[in-house]
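Here is a note for a colleague who has not yet looked at this entry. Please read the points with the sequence and the structure open.

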Amino acid sequence: MSEIIQVDIVTPEKKIFSEKNVLSANVPGIEGDLEILSDHIPIITFLKPGRINIEAEGSEKSFFISDGVLEFNSNVLTILVSEIFDTMACLLYTSPSPRD
């Protein structure tokens, strides 16, 4: 029994993320947050706006989505989203301090 899953995140324009060595994925399901692990029961569900957290072997990735659809079957998680933002790539903006 494998402990890893494959995760693919896709927008209408292109594939945003693809990783084969994922330990877990937390997603904002329409009826509550879901944690997808290996050998999870097959599922199709809608996603609400929120954060997707992906834990791979040795790294973590985080995205914010506007909405989407999730399908999980045979240890392959496919997430279709309208809009997605890489939260780890966003820069914190701070206003400049006043100068004397």
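1. Phe63 is a good place to start. This residue has a relative accessible area of 3% and is buried. The model it belongs to is a predicted one.

2. Phe63 takes part in an aromatic pair, and the count of such pairs comes to one. Its partner is Phe17: the ring centres are 5.6 Å apart and the planes stand at 65°, so the pair is edge-to-face. Phe17 belongs to strand S2 and Phe63 to strand S6, so the two rings tie together parts that are 46 residues apart in sequence. Phe17 has 12% relative accessibility and, because the limit for buried is under 20%, counts as buried too.

3. On the overall layout, the protein chain has nine strands and zero helices. Its pattern along the sequence is therefore an unbroken run of β elements, β-β-β-β-β-β-β-β-β. The chain has 100 residues, and 32% of them count as buried. Its accessible surface is about 6700 Å², with 53% of that belonging to carbon and sulfur atoms. Among contacts with a separation of 6 or more, 46% are made by residues 24 or more positions apart.

4. Which residues have the most contacts inside the largest nonpolar core? They are Val7, Ile9, Ile52, Ile54, Phe63, Leu77 and Ile79, in a core of 19 residues. At least two core residues come from each of S1 (5-10), S2 (15-29), S5 (50-56), S6 (59-65), S7 and S8. S2 supplies the largest share, with four residues. As background, nonpolar side chains tend to be buried together in soluble globular proteins.

5. Ile79 deserves a separate look. Leaving aside residues up to four places away in sequence, Ile79 touches Asp8, Ile9, Val10, Val27, Leu47, Ile52, Val69 and Leu70. Two of these names, Ile9 and Ile52, also appear with Ile79 among the core residues with the most contacts.

6. S2 also pairs with strand S3 (residues 32-36), in the antiparallel sense and over five bridges. The two strands form a hairpin, with two residues between them. For a reader who wants one position to check, Ala25 has Ile36 of S3 as its bridge partner.

7. How many salt bridges does the structure hold? There is one. The side chains of Asp86 and Lys61 meet in it, at 2.9 Å from N to O. Asp86 sits in strand S9 (residues 84-86) and Lys61 in strand S6, so the pair links distant parts of the chain, 25 residues apart. Asp86 counts as partly exposed at 23% relative accessibility, and Lys61 is likewise partly exposed at 28%. In general, side chains of opposite charge can pair when their charged atoms come close.

8. The last point concerns the loop between strand S7 (68-73) and strand S8 (76-81), where Ser74 is found. Asn75 is found in the loop between S7 and S8 as well. Ser74 has a positive phi, near 55°, although it is not glycine. Phi of Asn75 is positive too, near 65°, again in a residue other than glycine. Are these two buried or exposed? Ser74 counts as exposed, at 64% relative accessibility, whereas Asn75 counts as buried, at 18%.

Definitions and conventions: Residues are numbered from 1 along each chain as its sequence is written. This is a predicted model: local features need pLDDT of at least 70, side-chain atom pairs count only at pLDDT 80 or more; totals for chains, interfaces and linings use all residues. Side-chain values use heavy atoms; hydrogens and water are left out. Buried means under 20% relative accessible area, exposed over 50%, partly exposed in between (1.4 Å probe, protein chains only). Contact means heavy atoms within 4.5 Å. Accessible areas come from the Shrake-Rupley method with a 1.4 Å probe; for residues, only the protein chains shown count as cover. A nonpolar core is a set of buried Ala, Val, Leu, Ile, Met, Phe, Trp, Tyr and Cys residues joined through side-chain atoms within 4.5 Å. Two strands pair if DSSP finds at least two bridges between them. A salt bridge is a side-chain nitrogen of Lys or Arg within 4 Å of a carboxyl oxygen of Asp or Glu. Rings of Phe, Tyr and Trp (its six-membered ring) pair if their centres lie within 6.5 Å; planes under 30 degrees apart count as stacked, over 60 as edge-to-face and the rest as tilted.
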